[in-house]
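Reader: Please take a close look at a single part of this model and describe, in one connected account, how it packs and what it shows at the surface.

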Amino acid sequence: MQALWMLVASAMFAAMGSFVKLATEHGASLPQVVLFRGLPSVILLLIWARAGRQSIVPSSWKLHLWRNLSGVTSMWLGFFAISHLPLATATSLNYTAPLFIACWMLGWGGAQRDAVRIIAVALGFLGVIAVLRPSINEDQWLAALLGMGAGAMSAIAMLQIRQLGRIGEPEWRTVLFFSVGVCLSSIGGIAYEGWGQADWSGYLSLVGVGVAGLFGQLAMTRAFGVGSALLTAALQYSTIIFAALLGMGLWGDRLDALAWAGMGLIIFAGLLSVWRTMRDPKAA
C-alpha cells in the first residue's frame, strides 16, 4: 500500500508540473501559479485544525522560517524552470536535491565522506549534463540554472524538515506554515507584477495546480508515514518518468537516447545517495 501511495503522489506532482506549464501558456503569471499552489492547502488544513481543535502554534519558529525561505525559493525557481523547459528536463533538475545533500556531506560531513557519496555526486552531475545538452536551446540556459537552484534549495528545505521532525513537529503543521509562506510570497509577486491575463483554460489549469499539488502532498506524507523511507524515496523518482510521458503526450517532447540516459543517471545517483544517507545513523 505504501508503494501505491507514493506512486499516486508522483503522478500528482507530475500532473501539477503539467498544469503549471499549461497555466503559464494560457496567460497566468508565475505569482498566480504560486498562489494557487498554496491556497487550497492553507484553507483545508486550517479547517481541519479548527475541527479537530489542533493547535497551530509551531514548536520552533526559527526552523519554520528557514524551511519556508528555502522551500518557497525552491518552488519559485522550479516553477520558472517548468514554464520554460521541457517538462521532463525541468523535473529532472528539480529532483537533484539528494545530490546537493551528498555534496554538503562531502564538504562538511567529516566522517561521512566516503566513496559511495563521491560516486553518487559524480554520476548525478554527469546525468545533469546529459539531460541538458540535447534538451535545451541557447535561450533556455537561465531556466536550466534556476532549475538546478531549485534542487539546491530543496536540499536545504529537506534538512530543515528533518530537524522539524526530530523535535516532534507534526507533518500537517509543517505543510500549513509552508503553504502560508507560499501564499504570502505570491501576494508580493502579484503586487509587483500585477494580476495575470489567464483565460478560462488558464484558470482551470491554476485550479489543477492547487488540487494536484495538495493531493500529491497528502499522498507523499502518507507514504512516508506508513513504511520504509528508503522505498518511498526511491519511488518518488517515478515523477520524472511520469513527467516525461506527459511531456511527450501533451507537448510532443522528444527525448533522445542521451537525455533518457541522463535521467537514468540522475535517478540512480539520487537513489544511491538516499540509500547511503539512510544507512548512516549519523547522517544529517
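Author: Relative accessible area sorts residues into buried (under 20%), exposed (over 50%) and partly exposed (in between), with a 1.4 Å probe and protein chains only. Leu39, at 37% relative accessibility, therefore counts as partly exposed, and its place is in helix α2, helices being DSSP runs of H or I with at least four residues, numbered from the N terminus. The model is a predicted one, in which local features need pLDDT of at least 70 and side-chain atom pairs count only at pLDDT 80 or more, while totals for chains, interfaces and linings use all residues. Residues are numbered from 1 along each chain, and side-chain values use heavy atoms, without hydrogens or water.

Leu39 joins Ile43, Leu44 and Ile47 in a nonpolar surface patch of about 360 Å² (residues with over 30% relative accessible area and no salt bridge, nonpolar side chains being joined within 5 Å; areas by the Shrake-Rupley method with a 1.4 Å probe).

Helix α2, residues 30-51, also packs with helix α8, residues 171-193, at an angle of about 145 degrees and with the axes 7 Å apart (lines fitted to C-alpha atoms over the stretch in contact, angles running from 0 to 180 degrees between N-to-C directions). The crossing of α2 past α8 is left-handed, the near helix being turned anticlockwise from the far one by less than a right angle. The residues of this contact comprise 17 nonpolar, seven polar and one charged, where Asp, Glu, Lys and Arg count as charged, Ala, Val, Leu, Ile, Met, Phe, Trp, Tyr, Cys and Pro as nonpolar, and the others as polar.

Key
Helix = DSSP H or I, 4+ residues; strand = E, 2+ residues; numbered from the N terminus. Patch = residues over 30% accessible without salt bridge, like charges linked within 9 Å, V, L, I, M, F, W, Y side chains within 5 Å. Salt bridge = Lys/Arg side-chain N within 4 Å of Asp/Glu carboxyl O.
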